[in-house]
Amino acid sequence: HYSHLTQITADNVRRLQAAWARQLPGSSVLEAMPLVIDGIMYTSGAPGTVVALDAATGRQIWRYQRPQKVRNPNEINPFNRGVAVLGDRIFVGTLDAALLALDARTGALLWEVQVADPMQGFSITSPPLPVKDKIIAGIAGGEFGIRGFIDAYDPATGKRLWRFSTIPEPGEFGHDTWAGDSWKNGCGATWLPGSYDPDLDLVYWAVGNPCPLYNGAVRQGDNLFSSSVLALDPATGTRKWHYQFTPHDTHDWDSNQDMMLVDRSFHGQPRKLLMHADRNGHFYVLDR
């Protein structure tokens, strides 16, 4: 990712060297991007583990450990991609599809909410997205015939404030893009965190593949909002617009990749743009 920080330059980068290393418990692959706030590093290790470290020395300040309460026998992504921070609270998802809030000073559990049923294939593998006074979370499980969604929660209490389903039910916009009852197990997972646009006050969230993954014959239609990006009002979860990168995806070209927001000139005019490299092999520039 790009950074405006200037302490590391092309001239001094050769002098970088390791300051410390710390072995995190467990055998899971580490996929988290640590967050450093006021000299403290917050990160996740194996699923259910969150640690706070002194960023200068690597000394552990606290560690939170939560065993899975329920384990899906088909679990295929046994890792966690990190935590989110809002105020003095840490937020992290679990493989058994719970969302937790921890005290950033002590690691104590403040609240826990069950987002979905892990035995139906739901899990949370990535951090939620803090937006103003809300914690917005996606869901994983696009291999198991789930029906995807994006949730918003009150960071103080864990109360769910809204839910946007990525596979529209009868009466909702886009439902007619699914043949018969195929929408009920349409997948459309939302495991990658979205991108927040403070200028337009919109959240852009990537949506994964439809299900069944390769058998498109049983789900005729464009299959909205799979393999798409959604622009949502973070206050209400209302859809403002969407763009589908791969209608009726039959190749696992899900769109769970970064949505990069830039302000730059396009055809000589200043524009607010969204850039996205999709798994279907194309690079997209959208007017956000």
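**Exercise 1. Work out the handedness of the link between Cys 187 and Cys 211, then place the two residues in the chain.**

Step 1. Start with the torsion: the angle about the S-S bond is -85°, and the link of Cys 187 and Cys 211 is left-handed. Bear in mind that this is a predicted model, where local features need pLDDT of at least 70, side-chain atom pairs count only at pLDDT 80 or more, and totals for chains, interfaces and linings use all residues. Residues are numbered from 1 along each chain as its sequence is written, and side-chain values use heavy atoms, with hydrogens and water left out.

Step 2. Check the distance. Cys 187 and Cys 211 sit 1.9 Å apart, S to S, and a disulfide is a pair of cysteine sulfur atoms within 2.5 Å. By this rule the count comes to one disulfide.

Step 3. Now place the ends. Cys 187 lies in the loop between β12 (160-165) and β13, and Cys 211 in the loop between β14 (202-206) and β15 (228-232), so the disulfide ties together parts that are 24 residues apart in sequence. Strands here are DSSP runs of E, at least two residues long, numbered from the N terminus.

Step 4. Buried or exposed? Cys 187 and Cys 211 are both buried, where buried means under 20% relative accessible area, exposed over 50%, and partly exposed in between (1.4 Å probe, protein chains only).

**Exercise 2. Find the salt-bridge partner of Glu 112, and describe the sheet around strand β8.**

Step 1. The partner is Arg 66, with 2.9 Å from N to O. The cut-off for a salt bridge is a side-chain nitrogen of Lys or Arg within 4 Å of a carboxyl oxygen of Asp or Glu. The structure holds 16 salt bridges.

Step 2. Look at where the two ends sit. Glu 112 belongs to strand β8 (residues 109-114) and Arg 66 to the loop between β4 (60-65) and β5 (84-86), so this pair links distant parts of the chain, 46 residues apart. Glu 112 is partly exposed at 28% relative accessibility, whereas Arg 66 is buried at 6%.

Step 3. Build the sheet. Its order is β5-β6-β7-β8, an open arrangement of four strands with antiparallel pairing; two strands pair if DSSP finds at least two bridges between them. β5 and β8 are the edge strands with a single partner each, so one side of each lacks a neighbour in the sheet. On average, neighbouring strands of this sheet are turned by 20° against each other, direction ignored; the axes are lines fitted to C-alpha atoms, and angles run from 0 to 180 degrees between N-to-C directions.

Step 4. Zoom in on the edge. Strand β7 (residues 98-103) is joined to β8 by five bridges, and Leu 100 stands opposite Glu 112.

**Exercise 3. Trace the salt-bridge network that contains Asp 197, and say how Asp 263 and Lys 272 face each other.**

Step 1. List the members: Asp 197, Asp 199, Asp 263, Lys 272 and Arg 288 are linked by salt bridges.

Step 2. Take Arg 288 and Asp 197, whose side chains meet at 2.5 Å, N to O. Arg 288 is in the segment after β19 (283-287) and Asp 197 in strand β13 (residues 195-197), 91 residues apart. Both ends are buried, Arg 288 at 8% and Asp 197 at 1%.

Step 3. Turn to Asp 263 and Lys 272, a salt bridge of 3.4 Å, N to O. Here Asp 263 is partly exposed at 48%, and so is Lys 272 at 29%.

Step 4. Add the backbone. Lys 272 in β18 is the bridge partner of Asp 263. Seven bridges join β17 to strand β18 (residues 269-277), and the two run antiparallel. They belong to an open sheet in the order β17-β18-β19, with β17 (260-266) and β19 as edge strands. Neighbouring strands of this sheet are turned by 40° against each other on average, direction ignored.

**Exercise 4. Pick out the best-connected residues of the largest nonpolar core.**

Step 1. Of its 17 residues, Leu 99, Val 115, Phe 122 and Ile 139 touch the most other members. The rule for a core: buried Ala, Val, Leu, Ile, Met, Phe, Trp, Tyr and Cys residues joined through side-chain atoms within 4.5 Å.

Step 2. β7, β8 and β11 (149-153) are the elements that give two or more residues to this core.
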